[in-house]
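Hi,

Here is the structure I promised to pass on. Have a look at it first, then read my notes below and follow along on your screen.

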Amino acid sequence: MKISKQARRDARELFRSCMVQEALDENRARQAVTAVIQTKPRGYVAILSHFKRLLRLEVARRTASIESATALSPQVQAEIQSDLTRQYGRGLDFHFTQNSALIGGVRIQVGGDVYNGSVQGRLEQLRSQN
């Protein structure tokens with residue numbers, strides 16, 4: 001579906017109205033969607049579609065996925081959390097998982113930023129250079 005410029009503008013305005021102190025207020029987002037569905041302005045499906053995309057991007061931007069080959073100690077987890085909080089600000093949602101395919105090291109993803117310090121990542125980097 002092609003989304004018009006006006007629908008994008010309306011969705012961005014709706015999204016901004018759901019932000020409180022640079023954090024997404026889920027309750028406001030629900031109320032905004034309900035209001036749009038009830039009033040059904042011109043192009044409301046496109047507005048809601050773009051609004052959904054903006055919400056998805058915001059949630060991804062505030063989510064930190066940390067993969068490691070072995071379980072990380074609570075001290076290391078706390079250190080990673082403090083470093084990421086310092087870099088990206090408060091309000092990050094942290095998800096720690098184990099991935100034995102990494103062989104060793106850590107892979108961190110916050111939104112579109114990926115920090116790959118794993119052995120697997122290094123091997124792939126070497127392979128692509130040759």
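The largest pocket in this predicted model has a volume of about 430 Å³. It is lined by 19 residues, and if you want to find its centre, look for Ala-23, Leu-24, Glu-58, Arg-62 and Gly-91, which are the closest to it.

Which elements give two or more residues to that lining? They are β2 (23–24), α2 (26–39), α3 (44–61) and β4 (93–98). Helix α3 provides the largest share, with 4 residues. As for the kind of residues you'll meet there, the lining splits into 8 charged, 6 nonpolar and 5 polar ones.

Now for the strands. Try picking out β5, residues 106–110, and β3, residues 63–68: these two pair in the antiparallel sense, over 5 bridges. To see one spot in this pairing, click on Glu-67, which stands opposite Arg-107 in β5.

Strand β5 also has β6 (residues 113–116) as a partner, again antiparallel, this time over 4 bridges. Here you can check Gln-109, whose bridge partner in β6 is Val-114.

What do β5 and β6 form together? The answer is a hairpin, with 2 residues between the strands. Have a look at Gly-111 in the turn, too: its phi is positive, at about 60°.

One thing to keep in mind while you rotate the view: in a regular strand, side chains alternate between the two faces of the sheet.

Have fun exploring, and send me any questions!

Cheers

Notes:
Residues numbered from 1 in each chain as written. Predicted model: local features only at pLDDT ≥ 70, side-chain atom pairs only at ≥ 80, totals over all residues. Heavy atoms only, no water. 1 Å grid on protein atoms, 1.4 Å probe; cavity = no way out; pocket = protein on both sides within 12 Å on 5 of 7 lines; lining within 4 Å. Points joined across faces, edges and corners; volume = space filled by probe spheres on them. Nonpolar A, V, L, I, M, F, W, Y, C, P; charged D, E, K, R; others polar. Pairing = 2+ DSSP bridges.
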